[in-house]
Amino acid sequence: MNRLLRILAAATAAGLGLLFATSSGAPFLAAMVAVLAGIIALGLLAAPGGAAPVEEEPAAEGPVQSFLPSTAEVADAVEDPVMIVRDRRVIFANRAAKAVLGDHIVGVDVRLAIRHPAAAERLIGGNGDEVSRTELVGLGDRDRRWEMVLSPLPDGDRLVRLQDRSDAHASEQMRVDFVANASHELRTPLATLIGFAETLQDDEAAGDKATLQRFLKIMEDEARRMQQLVDDLISLSRIEAERFSVPREPVPLLPLVEEVRNSCDRLAEEKNSRIVVEQTNGEPVVPGDRAQLQQLIQNLVVNALKYGKPGADVTVRFEPAGPEMIRMTVIDRGDGIAPEHLPRLTERFYRVDPGRSRSMGGTGLGLAIVKHITQRHRGRLDISSKPGEGSRFAVYLPALSSKSHATVTEVTRSSPRNVPEAD
Ligand code: ADP
């Protein structure tokens, strides 16, 4: 567009000059005006970007470059600590590096900046032309884990980058702990089984019918405990394997509670407890995985029965939580849980009282399974408890539909007893 305007202006100037020259009566003046117009025309055409053979304007380059941030600004925006080292001295440190290693590090010997024996060895020795990686523990905070990456820069300078590996290390540690815990949990009943099997090979023990029966019962219990543990481990690994696929099957929750109630009938009877269902505001239906949701309810109800007081009822309450969620709360009236245990309850194999849990056939995986199922369903688990009064496990799940008929339905086991208030 600019070029076009210039050409037009040049043509106009030249045209005017010639017109004046030919029409004027004064030949010298006319000649001067024509020369002047020619000069203006040439000037306009020769102006940058004006004449025909001029190359394309580097239009965008200037303004974009002037907006580019400086190297230091870019480095400050990087979350990892980054430094440049020249002749063993830190000549640049970004904001993250100063936050972790201190403000003083620029200008000091790099071994004083990164006070770590493994780092020092790498920073002053090694081949400066190659990228090297070194694991560092305890830099900054005591438990933090880093990977120090050294990369060559021009003129012998080196770029030092610290990558935070604490999370990766924590999950690796969890995996190691999990395998150790699972092996330990399996080894205990296995040792009992082997011990009793050996004893039974002794004729004297096997000859006594009562002793034989007692031993066989113990062996059966231990074998069942192992079976339960293996089942829970398989469930957990399946749920984890599927954690990125959101289940979408419409699942009405009340029939699931009914199934759980039937399967827990014996335990409820032993504890002289009833499972009371309270349902407000319509039938709760969620998009989900039916089998997993049943397991979730089962684990919570079994815990409520196991850890509840004998003779006290367990309540399963359904209610809307906002326009899009359903809250299912399993309420028991047991001893409750001290606050310091609450954040750890969903960890695998975490038990408040391991002896009590084991004596009731617990694997320590029930709540971990509940948490993973809830997460897979894009839900949330809230645990609250008052020691001496009881506990509430609230699971929030996205609702599929709520046929609103605003009722409170109580479904109870056959024995007609008064239902105490849940709150
Ligand atoms: P467990 O098989 O031991 O019951 P869970 O993962 O289901 O394992 O629960 C972990 C621990 O949380 C239990 O060992 C118990 O100490 C505690 N807990 C779970 N539910 C309740 C509850 N309703 N009341 C009191 N404590 C509970």
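Me: Ala, Val, Leu, Ile, Met, Phe, Trp, Tyr, Cys and Pro count as nonpolar, Asp, Glu, Lys and Arg as charged, and the others, Gly among them, as polar. With that in hand, how many residues of each class are in the lining of the second largest pocket?

Reply: Happy to help, and keep in mind that this is a predicted model. By class, that lining holds five charged, four nonpolar and three polar residues.

Me: How is empty space found, and what volume does the second largest pocket have?

Reply: Here is the general idea. Rolling a probe the size of a water molecule over the atoms shows where empty space is left. In this structure, the second largest pocket comes to about 300 Å³. Its lining residues include Met-174, Phe-178, Arg-344, Tyr-350 and His-372. Two or more lining residues come from each of helix H8 (166–201) and H15, with H8 giving the largest share, four residues. Domain 3 (167–241) and domain 4 (246–423) each supply at least three residues to this lining.

Me: And how much space lies in the largest pocket?

Reply: About 1700 Å³. It has 50 lining residues, and the closest to the pocket centre are Val-302, Lys-306, Met-360, Gly-361 and Gly-362. Among the elements giving two or more residues are helix H13 (290–307), helix H14 (354–359) and strand S12 (390–398). Helix H10 (209–241) is on that list too, and H10 gives the most, with ten residues. The classes split into 18 charged, 17 polar and 15 nonpolar. Here again, at least three residues come from each of domain 3 (167–241) and domain 4 (246–423).

Me: Pockets are open, so let me turn to enclosed space. Where does the largest cavity lie?

Reply: Start with what the search gives: one cavity of 30 Å³ or more in the whole structure, with a volume of about 40 Å³. Its lining consists of Glu-185, Arg-225, Leu-229, Arg-351, Gly-362 and Thr-363, that is, three charged, two polar and one nonpolar. To place the cavity, ask which domains those residues belong to. Domain 3 (167–241) and domain 4 (246–423) both contribute to the lining, so the cavity lies between them.

Me: One single residue, then: is Asn-94 buried or exposed?

Reply: The cut-off for buried is under 20% relative accessible area. Asn-94 has 0%, so it counts as buried. This residue sits in the loop between strand S2 (89–93) and helix H5 (95–101).

Me: Which residues does Asn-94 touch?

Reply: Leaving aside residues up to four places away in sequence, Asn-94 touches Ala-75, Asp-76, Val-78, Asp-80, Pro-81 and Val-82. For Asp-80 there is a further detail: its backbone oxygen lies 2.9 Å from a polar side-chain atom of Asn-94.

Notes: Residues numbered from 1 in each chain as written. Predicted model: local features only at pLDDT ≥ 70, side-chain atom pairs only at ≥ 80, totals over all residues. Heavy atoms only, no water. 1 Å grid on protein atoms, 1.4 Å probe; cavity = no way out; pocket = protein on both sides within 12 Å on 5 of 7 lines; lining within 4 Å. Points joined across faces, edges and corners; volume = space filled by probe spheres on them. Domains from an automatic or database assignment. Buried < 20%, exposed > 50% of the residue type's maximum accessible area, 1.4 Å probe, protein only. Polar contact = N/O pair within 3.5 Å; in protein donor to acceptor, adjacent residues only side chain to side chain. Contact = heavy atoms within 4.5 Å.
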